[in-house]
Amino acid sequence: MDYVLSENDRHLLAAYAGEFSDGTPRGWVLEESGDSWEITFPNTAKITTLSLEDPAVWGTAPGSDANTTILWRNSLAYIPRLLQLKSGAQEIAEVEKIIQSFLTWFEENASKDIKSFKSSSQDHQSATRIRALVWTLSLLSREERKDEFDRILSLYSRLLTVENRLLNELDLYQPNNYGIMLGIAHLHSETLLPNLLAGPDSQAWAGRLYDTIGEIIDEDGIASENTPIYQLFYVMLLEDVVAFLDWSGKFSGRTRMFQILLRAAQIGARKQLLPTGAVPPLGDSPGGRQQRFKPLFGTLWSPDNGLAVLSGESEYFSFIAGFRSVMHKQLDDLSISWWKNGEFIFRDAGLLSYDQNDPIAVGIRGPRGHSLPTYSKFDSWNTKNSISYGKNTSRLRGKLLSRMVTAEESDLIAVLSYDEKPILQRRVQVINATGVTTTDTFTSIQYGSPLVRFLLDPSIDVDKRADGSVGLSRKNFHALARFSSSNPDIELSIEVNESWVAFENHRVVKTKELLISTSGHGQMIDIISSFVEM
């Protein structure tokens, strides 16, 4: 195709490959297998490069963890990883076949119905495809392989034509992490291959990114995606934007603007970390270790984001009620987590996967994966029952109401509404070096029996006693839990049940839950749960 880069842009493109992460997780494995390569995706699904040469493969739905497997298969993120291992003529030819195969399917289906590509991961797929092919063009430019460069550039131009249709007709650029990844991909493409196609130039994309990230990171420094791991992801994205703007030398004055946003996001992230520096398993994440940032102890109170955190050197407490965005929102309003002396006492279950055919994965994202009060009507609900992503709302919605924090005690109150009608209030008292008390006020008689659940960490041993109290213990922690109601005529049932939590690397681990319920239906009642350290 008739496209010529300036000398400066040619050198910039040649230097690009290997400079910046594409933002995909670890876990990719590529191994030669005869005349093909076997690719293992981050979710452990496998495919061969030979099978990717058939255009029919791109529209098929795998049987297990389909959404995630389709994301990684159609992202083309394995192309740069393959060429990092080997980039001879045979490997380049294999890459061309894969891209051509994908384009055959992509262009044909786009011409029939562009809306057929609408899915929850299309923005992520698009971002990664653009980055993968720009990386490939960079490698070929660096190695001065003109004929192969021209052929891949022609394929990329065709790909970008459809990607731009997806961007505009499906309105893919949205204020969420995948939208930002998509904006960064277009920023890279327009910076390194300027004016390849008509559309916003690199300066316009830099401006759009600044405005959108400024919308996502609010005045509290908190990202709107309900998950600390995504807060750290935004820190990483901002770091990459700052590094790219500085590296390219084309954005004089803009870098400082992004650096201010980055600083706010870093502080917001540090306030959410456990005292060990680990990421807590709140929202759509199993949590996990990180070593880059030290925790910032104190109180985080962000009603707009529905998040309160109390933290110190040996203790951590979180309280969730509300949201700005339903992205990665679970049915976790009024849930609490309590961490002490190195491990959780009660907690959120985190995220196992998005596999809708896995009942444990689905349940973990609902009320049964959290330490919260609810009604029996809602206890088996999943996110589809409540959350509308298109309208950015949820039928069940919490709100942080008030806080009182002193040197001795913290007193937090939040309310849960159903279809905008308040139905349940939770008061949490965290008394330093003593314990935790929750008072759950059930104010409706329409939604079945009141329930209060405490999802215990697998490290906790449980001793249910004859008087109805429950002993909780591990090597460095001992507490006694007692439960009572505001109506002495109503008997409480205290059950110790089996449950599940998600750990890193898609591991599911058995644990126990405490489930407190009433004997009848439709009572307006307070249930008081007290955990006193021994």
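This talk goes through three helix contacts and then some of the enclosed and open spaces in one structure, which is a predicted model.

Let me begin with the helices. Helix α1, which covers residues 7-16, packs against helix α5, residues 122-142, at an angle of about 110°, and their axes are 7 Å apart. Angles of 65 to 115 degrees count as roughly perpendicular, and α1 and α5 are therefore roughly perpendicular to each other. If you would like to find this contact on the structure, look on the α1 side for Arg-10, Leu-13, Ala-14, Ala-15 and Tyr-16, which meet a set of α5 residues that includes Arg-131, Val-134, Trp-135 and Leu-137, and also Ser-138, Ser-141 and Arg-142. Sorted by class, the residues of this contact between α1 and α5 come to 7 nonpolar, 2 polar and 3 charged.

The second contact joins helix α3, residues 78-85, to helix α4, residues 89-112, where the packing angle is about 170° and the axes lie 10 Å apart. How, then, are these two helices directed with respect to each other, roughly parallel or roughly antiparallel? Since angles over 145 degrees count as roughly antiparallel, α3 and α4 are therefore described as roughly antiparallel to each other. From α3 the contact takes Tyr-78, Ile-79, Leu-82 and Leu-83, and these meet Glu-91, Ile-92, Val-95, Ile-98 and Ile-99 in α4. The class count here is 8 nonpolar residues and 1 charged residue, with no polar ones.

The third contact is between helix α8, residues 202-216, and helix α10, residues 254-272, whose axes come within 11 Å and cross at roughly 20°. With angles under 35 degrees counted as roughly parallel, α8 and α10 are therefore roughly parallel to each other, and their crossing is left-handed. On the α8 side the contact is made by Gln-203, Ala-206, Gly-207, Leu-209, Tyr-210, Ile-213 and Gly-214, while α10 brings Arg-254, Met-257, Phe-258 and Leu-261. Divided by class, the contact of α8 with α10 has 7 nonpolar, 3 polar and 1 charged residues.

I turn now to the spaces. How many cavities of 30 Å³ or more does a search of the whole structure find? The search finds 4 of them, and I will describe two.

The largest cavity holds about 150 Å³ of space. Its lining is made up of 18 residues, and those nearest the centre of the cavity are Asn-226, Thr-227, Gln-272, Asn-305 and Leu-307. Helix α9, residues 228-248, gives the most to this lining, with 3 residues. By class, the lining of the largest cavity has 7 nonpolar, 8 polar and 3 charged residues.

In the second largest cavity there is about 130 Å³ of space. This cavity is lined by 15 residues, and closest to its centre are Leu-331, Asp-332, Asp-333, Leu-396 and Leu-416. Its lining divides into 9 nonpolar, 3 polar and 3 charged residues.

Finally, there is the second largest pocket, which has a volume of about 400 Å³. Of the 20 residues that line this pocket, Ala-278, Gly-287, Gly-288, Arg-289 and Glu-504 lie nearest its centre. In terms of class, the lining of the second largest pocket has 8 nonpolar, 7 polar and 5 charged residues.

Technical notes
Residues numbered from 1 in each chain as written. Predicted model: local features only at pLDDT ≥ 70, side-chain atom pairs only at ≥ 80, totals over all residues. Heavy atoms only, no water. Axes fitted to C-alpha atoms, helices over the stretch in contact; angles between N-to-C directions. Helix = DSSP H or I, 4+ residues; strand = E, 2+ residues; numbered from the N terminus. Contact = heavy atoms within 4.5 Å. Nonpolar A, V, L, I, M, F, W, Y, C, P; charged D, E, K, R; others polar. Left-handed = near helix turned anticlockwise from the far one by under 90°. 1 Å grid on protein atoms, 1.4 Å probe; cavity = no way out; pocket = protein on both sides within 12 Å on 5 of 7 lines; lining within 4 Å. Points joined across faces, edges and corners; volume = space filled by probe spheres on them.
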